[in-house]
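This report goes through a protein structure for a first-year student. Please look at the sequence and the model below before reading on.

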Amino acid sequence: MTKRYLNDLPKIGIRPAIDGRRNGVRESLEKTTMAMAHATAQFLTETLRYFNGQPVEVVIADTCIGGVAEANMAAEKFRKEGVGVSITVTPCWCYGSETMDMDPHTPKAIWGFNGTERPGAVYLAAVLAAHNQKGLPAFGIYGEDVQDAGDQTIPQDVQEKLLRFTKAALVVAMMRGKSYLSIGSVSMGIAGSIVKDDFFQEYLGMRNESIDSTELLRRLELGIYDEEEFTHAYKWVKKNFTVGKDQNKETYKRSEDKKEEDLKTSIKMAIIGRDLMIGNKKLADKGFIEESMGRNALIAGFQGQRQWTDHYPNGDFMETILNSSFDWNGKRAPFLMATENDSLNGVTMAFGHLLTNTAQIFADVRTYWSPKAVERVTGSAPTGKASAGFIHLLNSGAAALDGTGQQNIDGKPVLKPFWEITDEEVASCIEATQLRPASTEYFRGGGFSTDFTTKGDMPVTIARLNIVKGLGPVLQIAEGFTVELDDHAHLLLDERTDPTWPTTWFVPNLTGEGAFTDVYSVMANWGANHCVMSYGHVGADFITLASMFRIPVNMHNVPAKDIYRPSAWGMFGTSQIEQADYGACKVFGPLYK
Ligand SMILES: C[C@H](O)[C@@H](O)[C@@H](O)C(=O)CO
Ligand SMILES: [Mn+2]
C-alpha cells in the first residue's frame, strides 16, 4: 500500500499571548506565559492521538505574542508547520484584536487563566468580543476556580474544554482537502446518496469524486489489484470466518461453486475499494501508475443496489471489513465506506471516527419495538433498559465488526482504537460473526452479509446528518445504550427481518421532553433511513464539532452542562440554545463559503 492519505496530519498551534509593555510588565510575565503554553502542549500530546495512533503534534509560537508583529510571526510559523488548530493561552491582560488569530478557517480557542494578580479573564472577554465583532467565532476557556499566579496545573474543567475543543478542531482540519468518493451513483432513490457537492465544498472543505461501478469491474477483470494480497486475504478469510447458513429458498440458492466465486469477488472488491480510496504502490509496479495514486478519499460510498447487486456480489463484505479496525493485514484504522452511497451517513461516520478514533457502526434505523408489540410477538414484555421499548438498528453491509462488542475493558464490552485492540479481541470479533450467503431475493448477484449481534450495555451515540431544502445541513444525535434481548425474543424479532445482517438493539436515553419523550419519539424524529452508531456518550463532541462547521443540531439528549460552542453562540440567546444555534449557524454560514 502507498503511504496513507493524511500523512501530513494537522498540528495544533499554541499562541502564548502577553501584555506587550516592556520595562517591567512583559518581562515579569514571559516565563509564566510560555510555561502555560508548554503545559498545554504537554497535556495535549500526552492525552490525544490522531486516528493513526500517533500522538498529536503541537507547535508553540517562537515568542510570546504582545502585538500584531508577533501575531503575524506566529501565523507564518503555523502556516509553514501545517497548523490546523489554534489555542491562545494567557495568564494576563493583552491587547485583544492586536494579538488574536485572524485565520478564518482555523478553529480557535482562548484559555484565559483565572487568576487575580494579572487579569487573564479580562483579556479573554476582550478578545472574544473582538472575535464576535469580526465574525471569527472562538471558544472561550476559563477555569471555574481561581488559581494562584505561577500555578502550572491545568484544572479539570479547563482540561475538559481543551480536549473537547481540540478533538473537534482536529476533525475540521483533518477533513479539509480530502475527498468523498462515490462508487456508482444514487442507490434506490436514497436522498443521502444524491451527493450534494456544495455541502461538501462549503461546509467541510472537501472534494467530491465520482466513478462508475464499471471501474470495479475493470479492475476485477483485468486483475488490477495485488494478487499476492488477494491470496493472503482469501486464506485469512477461509481460516478465520465461519460461513453461516444459506437461508435462501431452494429455487434462489446459488450453487456452492458460485458462492465460492462470490466470496473471492467480495474479497477482491474490498482490496480494490481500498485501493480506489488511498492508492497502492503495488499497482504502479504492475504498470498501473494512475490507479496506484488513489483518490485521497477519506470517505467512500458504494451504490451497490441495485444495478451492481442485481448482477454481481453485494458490497457487504467490502464495506464491513473496510470499516473495521482490522483485516488480513492486521490492525489498522478503519477505511470509511458508506453503504448505499449514503454520503450523509458517510460524513457522520467520519465525524464519529475522527472524534473517537474507533470504528463506526453504519445501520438502518429499522424498527421501533414498543413493549406492547414485543409482548404480543414474544409472549413477554421487555425488561431492564429495554423495558420502554427499543430500536432495531440493522443494515445489510457496512457495520464494522468492532460492532460485535467483543473488545473489553474490565470485562465490559467496548470499542477501542485499533492500537489498543488485542489479537484475542480481533479473533473474538470474527468468531462472533458469520458470513452469511446474501439474500438472493434482494441481492440477485449473491455475496456475503455479516451476521452478528451487538453485545448489550455499551454506552453509544447514534447520529445522522440531514440536508433540508432552505435550511441546509442539520445534525441529530441520540445517546443511549445497546441492549441484549433473551435468546427467544432475539430470534423471534431478528428472524422477522433479514437475519443475515448485523443487529444492534438500541435504547436512547430519555429526557421526557420533545424528541426524547419516549423511544417511539426518537424513531419518529429520525431524519432518514440510516444512522451511525459511535461508541461512548460522545454527543457533546458531535455538538462542538457541528458548531465549528456551522451545522445546527436539531435534536439531541446531551446534558446542558456538556454543551460547548463558540462564545458568539451565546450572543444569539442563552435560554433557548437550540434557537441560538440555528441563528448563529445562519449568520456565520458555512465555514468555507
Ligand atoms: C436490501 C434492502 O434493499 C436494504 O438494503 C434496504 O432496506 C436498506 O438498507 C435501506 O436503507
Ligand atoms: Mn440501508
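## Phe418 and its surroundings

Phe418 counts as buried because it has 21 C-beta neighbours inside 10 Å. A residue is called buried if 20 or more other C-beta atoms lie within 10 Å of its own, exposed if 12 or fewer, and partly exposed in between, with C-beta atoms placed from the backbone. This is a predicted model, in which local features need pLDDT of at least 70 and side-chain atom pairs count only at pLDDT 80 or more, while totals for chains, interfaces and linings use all residues. Residues are numbered from 1 along each chain as its sequence is written, and chains are lettered from A and ligands numbered from 1 in the order in which they are written.

Phe418 is found in the loop between β16 (412-414) and α15 (423-431). Helices (H or I, at least four residues) and strands (E, at least two) are DSSP runs, numbered from the N terminus. Leaving out residues up to four places away in sequence, Phe418 touches Gly53, Ser325, Phe326, Lys331, Arg332 and Ala333. Two residues are in contact if their C-beta atoms, placed from the backbone, lie within 7 Å. From Phe418 to Gly120 there are 298 residues in sequence and 40 Å in space, C-alpha to C-alpha. For Ser210 and Ser182, 28 residues apart in sequence, the C-alpha to C-alpha distance is 4.6 Å. Ser210 lies in strand β7 (residues 207-211) and counts as partly exposed, because it has 14 C-beta neighbours inside 10 Å.

## The annotated residues and ligand 1

Which residues does UniProt list for "active site"? An unreviewed UniProt entry lists Glu340 and Asp364; UniProt positions are given in the numbering used here, feature names are shortened, and annotations may be inferred rather than shown by experiment. The two span 25 residues in sequence, yet no two of their C-alpha atoms are more than 10.8 Å apart, so they gather at one spot.

Glu340 lies in the loop between β12 (336-339) and α13 (343-356). It is buried, with 29 other C-beta atoms within 10 Å. Apart from neighbours within four places in sequence, the contacts of Glu340 include Ser187, Met188, Gln303 and Gln305. Asp364 lies in strand β13 (residues 361-369) and is buried, with 22 C-beta neighbours inside 10 Å. Beyond four places in sequence, Asp364 touches Leu393, Leu394, Asn395, Asn529 and His530.

Both annotated residues are also found around ligand 1, whose surrounding residues are Gln305, Glu340, Asp364, Asn395, Ser396, Tyr442 and Asn529. A residue is near a molecule if its C-beta atom, placed from the backbone, lies within 6 Å of it. By class, this shell has one nonpolar, four polar and two charged residues. Ala, Val, Leu, Ile, Met, Phe, Trp, Tyr, Cys and Pro count as nonpolar, Asp, Glu, Lys and Arg as charged, and the others, Gly among them, as polar.

## Backbone details

Most residues other than glycine have a negative phi, and most peptide bonds are trans. The peptide bond from Gln305 to Arg306 is cis, with omega near 0 degrees. Arg306 is in the loop between β9 (297-302) and α12 (316-323). The table gives two residues other than glycine that have a positive phi.

| Residue | Phi | Loop | C-beta neighbours inside 10 Å |
|---|---|---|---|
| Asn341 | about 50 degrees | between β12 and α13 | 30, buried |
| Arg550 | near 65 degrees | between α18 and β23 (553-555) | 23, buried |

Helix α5 (residues 156-175) has 20 residues, which at 1.5 Å a residue should span 28 Å; its end C-alpha atoms are 29 Å apart, which agrees. The expected span is 1.5 Å times one less than the number of residues. Of the 20 residues of α5, 14 are buried. Gly177 follows α5 and has a positive phi, near 85 degrees.

## Domains

The protein chain is divided into domain 1 (11-175), domain 2 (179-557) and domain 3 (558-588), with bounds from an automatic or database domain assignment. The centres of domain 2 and domain 3, taken over C-alpha atoms, are 31 Å apart. Their contact takes 13 residues from domain 2 and eleven residues from domain 3. On the domain 2 side, β20 (472-483) and α18 (539-549) each supply at least two residues. The largest share of that side, five residues, comes from α18.
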